[in-house]
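The following points are offered as a colleague's note on the structure shown below. They take the sheet, a helix and one buried side chain in turn.

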Amino acid sequence: MTTTTDLLSAQALQVTFPGRHGAGPARAVDGVDLDIRPGEIVALVGESGCGKTTLARSLLGLVPPASGQITFGGKPLDYGSRALKAYRKRVQLVLQDPSGSLNPRHTVYDAVAEGLRIHRYGGDEREAVTNALSRAGLRPPERFFLRYPHELSGGQRQRVVIAGALVLEPELIVADEPVASLDASVRGEILALLLRLRDELGLSALVVTHDLGLAWNIADRVAVMYLGRIVETGDVEQILTAPRHPYTQALLSVLPEAAGDPVVLTGEPPDPSKIPSGCRFHVRCQVLASGEAERAGVADACRTKDLPVLAGGGETQVACHWANAAAKAPA
């Protein structure tokens, strides 16, 4: 539910694509509620194909939803071309691969200034580019003006991409796997930069990632996504130290610092045009396979009873019959 403190909010958002080979529509995003507050970093986590990038693109106005609503600053998103242009000035995208994001024929200066020119910036362009590069950690900024992407390191290229987003002074950035293509030694620097921008500028961020370890290092809240739905959400420490959904537990189990044996999920996520009945995770669920759900008396519900969409607020929530039964069980 949207509140006056939310910067960006999605309510009952659904994005569908035509099915392949005669199949029904694919529900890539299937009734999602998600809120982001001012100055907050939310990590959207899940395997490839779970719908998280489609959700992010829809929040950016790049993929219109089939149903549901997106609000920004308390106002519904207007999909008219002029309104979308103004919206995308306030909400900027940072892509995974900086090499693919930057035109190899453009200098760093031109790459960062591109957004200003698109939006017909009326101020001092050189000053704006200088400030954006400096905020992104490329100092002295003038040293980078005439350099080309191939002359930069991977970390420097990602900083240029971030500077290109910052130059328009957005309120929110959507970062899709922002460090996935970088060396481990550079990832920490970029994550520290995003945290510094949050603290210094009050910048909000939605960070899309498959890596719960990254979420631990940067996020205030985590939303775990599976097959088009948020299945667990809440405060980062609560979710990552005491995960309740078997899917979240499986994702955490493969981190290097995790205790115990990793949980190996069988098979791939189901086809979003053929979402299974009941809990959509049940066909891969280690709790159901082990008999724990049967002992808790919820195995039939896992296979046949759908779960409600989680509300978009900040409270810790889980969409899991077994976890809900465990929470109600006497101590």
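1. Helices here are DSSP runs of H or I with at least four residues, numbered from the N terminus. The model is a predicted one. With helix α5 assigned to residues 125-135, G137 falls just after α5 and takes a positive phi of about 90°.

2. The other end of α5 also merits a remark. At the start of this helix, a side-chain oxygen of D124 comes to within 3.1 Å of the backbone nitrogen of R126. Along α5, the buried residues are A128, V129, T130, A132 and L133. The buried residues of α5 pack against two helices, α4 (108-118) and α6 (154-166).

3. Helix α6 also relates to the sheet: α6 lies across β6 and β7 (172-176), and runs at about 170° to β6.

4. The sheet is open and has seven strands in the order β6-β7-β8-β3-β9-β10-β11, with mixed pairing. Because β6 (91-94) and β11 (317-318) stand at the edges with a single partner strand each, one side of each is left without a neighbour in the sheet.

5. Strand β3 has partners on both sides in this order. It pairs with β8 (residues 204-209) in the parallel sense over five bridges, and L44 stands opposite V208 in β8. Four bridges join β3 (residues 41-45) to β9 (residues 221-226), again running parallel; here V42 stands opposite R221.

6. Why can β3 be described as largely enclosed by the rest of the structure? Five of the five residues of β3 are buried, so the description follows. In a regular strand the side chains alternate between the two faces of the sheet. Both faces of β3 are covered, with I41, A43 and V45 buried on one side and V42 and L44 buried on the other.

7. The largest nonpolar core comprises 107 residues. Those with the most contacts inside this core are L55, L59, V112, L206, L212 and V222. Beyond its neighbours within four places in sequence, L59 is in contact with L8, A10, L13, L34, I70, Y87 and L206.

8. Is R280 buried or exposed? R280 lies in the loop between α10 (246-253) and α11 (286-290). Its relative accessibility is 7%, and since buried means under 20%, R280 counts as buried. The side chain of R280 reaches the backbone oxygen of L227 at 2.8 Å. Leaving aside neighbours within four places in sequence, the residues in contact with R280 are D30, Y226, L227, R229, P270 and I275.

Definitions and conventions: Residues are numbered from 1 along each chain as its sequence is written. This is a predicted model: local features need pLDDT of at least 70, side-chain atom pairs count only at pLDDT 80 or more; totals for chains, interfaces and linings use all residues. Side-chain values use heavy atoms; hydrogens and water are left out. Buried means under 20% relative accessible area, exposed over 50%, partly exposed in between (1.4 Å probe, protein chains only). A polar contact is a pair of N or O atoms within 3.5 Å; within protein, one must be able to donate a hydrogen and the other to accept it, and residues adjacent in sequence count only if both atoms are side-chain atoms. Contact means heavy atoms within 4.5 Å. A nonpolar core is a set of buried Ala, Val, Leu, Ile, Met, Phe, Trp, Tyr and Cys residues joined through side-chain atoms within 4.5 Å. Two strands pair if DSSP finds at least two bridges between them. Axes are lines fitted to C-alpha atoms, for helices over the stretch in contact, and angles run from 0 to 180 degrees between N-to-C directions.
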